[in-house]
Amino acid sequence: MIPDIYKNIGGKIKGHFTNKKVHENLFIKQTKKGHGNSFEDGVPDEYTLLSDMKTTKALKICCCEATLINEGDLNGDGLDEISVVQAPLNGCTYTFSTFTNVNGTWKKLFEPFLLSNGC
């Protein structure tokens, strides 16, 4: 059995992101296949945060695979916020970004910060 704490982390999460009464599913989808090394005239993959609610706009999260975290209500508005931990394009540093949803559009709640994996 998976502990409850891990049910809010992964490639697909559930929460109250846009409506206090309705659960919404968020997930990451690769929306463009890249090729070559992006530092040498290649094109990186593109990933997007999507929702099963048609009223929630998609959020492009750039090049690399990501993990979603349902953070709960961080700003006191009654809705859950999310963090996106994104793999590096080429290197050893992950990006950690936290978003809130305002009227169906994702906004940064805090400035992103970097996490080194020590390579």
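Colleague: I would like to start with one residue and learn to read the accessibility values from it: is serine 97 buried or exposed?

Modeller: This is a predicted model, and in it serine 97 has a relative accessible area of 10%, which falls under the 20% cut-off, so the residue counts as buried. Serine 97 sits in strand E8, and once its neighbours within four places in sequence are set aside, its contacts are Ile82, Ser83, Val84 and Pro112. Its C-alpha atom is 24 Å from that of asparagine 37, a residue 60 places away along the chain.

Colleague: Which residues have the most contacts inside the largest nonpolar core?

Modeller: The general idea is that, in soluble globular proteins, nonpolar side chains tend to be buried together. Here the largest nonpolar core has 14 residues, and those with the most contacts inside it are Leu26, Leu49, Ile61, Ile82 and Trp106. At least two residues of this core come from each of E3, E4, E5, strand E6 (66–72) and E7.

Colleague: Taking leucine 49 as a case, where is it found, and what is it in contact with?

Modeller: Leucine 49 belongs to strand E4 and is buried, with a relative accessible area of 1%. Beyond its neighbours within four places in sequence, leucine 49 is in contact with a list that includes Leu26, Ile61, Ile82 and Trp106, along with Phe27, Ile28 and Leu68. Threonine 31 lies 18 residues from leucine 49 in sequence, with 9.7 Å between the two C-alpha atoms. Isoleucine 82, when residues up to four places away are not counted, touches Leu26, Leu49 and Trp106 among others, and its partners also include Glu71, Ser97 and Thr98.

Colleague: What volume does the largest pocket have, and which residues are closest to its centre?

Modeller: The largest pocket holds about 190 Å³ of space. It is lined by 14 residues, and those closest to its centre are Ile61, Cys62, Gln86, Thr95 and Ser97. Strand E5 (59–62), strand E7 (81–86) and strand E8 (93–102) are the elements that give two or more residues to the lining, which by class has 9 nonpolar, 3 polar and 2 charged residues.

Colleague: Ile61 and Cys62 both appear in that list; is isoleucine 61 buried or exposed, and is cysteine 62 buried or exposed?

Modeller: Both are in strand E5, yet isoleucine 61 is buried at a relative accessible area of 5%, whereas cysteine 62, at 54% relative accessibility, counts as exposed. Isoleucine 61 is in contact with Ile28, Tyr47, Thr48, Leu49, Ala66, Val84 and Gln86, leaving aside neighbours within four places in sequence.

Colleague: What is the phi of cysteine 62?

Modeller: As a general guide, most residues other than glycine have a negative phi. The phi of cysteine 62 is near 80 degrees, which is positive in a residue other than glycine. Asparagine 103 also has a positive value, near 55 degrees; this residue is found in the loop between E8 and strand E9 (105–108) and is exposed, with a relative accessible area of 79%.

Colleague: Where is asparagine 101 placed, and is it buried or exposed?

Modeller: Asparagine 101 is in strand E8 and counts as buried at 5% relative accessibility. Apart from neighbours within four places in sequence, asparagine 101 is in contact with Phe17, Thr18, Thr56, Leu79 and Trp106.

Colleague: Turning to charged side chains, how many salt bridges does a search of the whole structure find?

Modeller: Side chains of opposite charge can pair when their charged atoms come close. The search finds 1 salt bridge, formed by lysine 32 and glutamate 46, whose closest N and O atoms are 3.9 Å apart. Because lysine 32 lies in strand E3 (residues 24–32) and glutamate 46 in strand E4 (residues 46–51), the pair ties together parts that are 14 residues apart in sequence. Lysine 32 is partly exposed at 37% relative accessibility, and glutamate 46 is also partly exposed, at 29%. Glutamate 46 also offers a link back to the pocket discussion, as its C-alpha atom is 7.4 Å from that of isoleucine 61, with their positions 15 residues apart in sequence.

Key:
Residues are numbered from 1 along each chain as its sequence is written. This is a predicted model: local features need pLDDT of at least 70, side-chain atom pairs count only at pLDDT 80 or more; totals for chains, interfaces and linings use all residues. Side-chain values use heavy atoms; hydrogens and water are left out. A salt bridge is a side-chain nitrogen of Lys or Arg within 4 Å of a carboxyl oxygen of Asp or Glu. Helices (H or I, at least four residues) and strands (E, at least two) are DSSP runs, numbered from the N terminus. Buried means under 20% relative accessible area, exposed over 50%, partly exposed in between (1.4 Å probe, protein chains only). On a 1 Å grid over the protein atoms alone, a cavity is a set of points where a 1.4 Å probe fits but cannot get out, and a pocket is an open set with protein on both sides within 12 Å along at least five of seven lines; lining residues have an atom within 4 Å of a point. Grid points are joined across faces, edges and corners, and a volume is the space filled by probe spheres set on the points. Ala, Val, Leu, Ile, Met, Phe, Trp, Tyr, Cys and Pro count as nonpolar, Asp, Glu, Lys and Arg as charged, and the others, Gly among them, as polar. A nonpolar core is a set of buried Ala, Val, Leu, Ile, Met, Phe, Trp, Tyr and Cys residues joined through side-chain atoms within 4.5 Å. Contact means heavy atoms within 4.5 Å.
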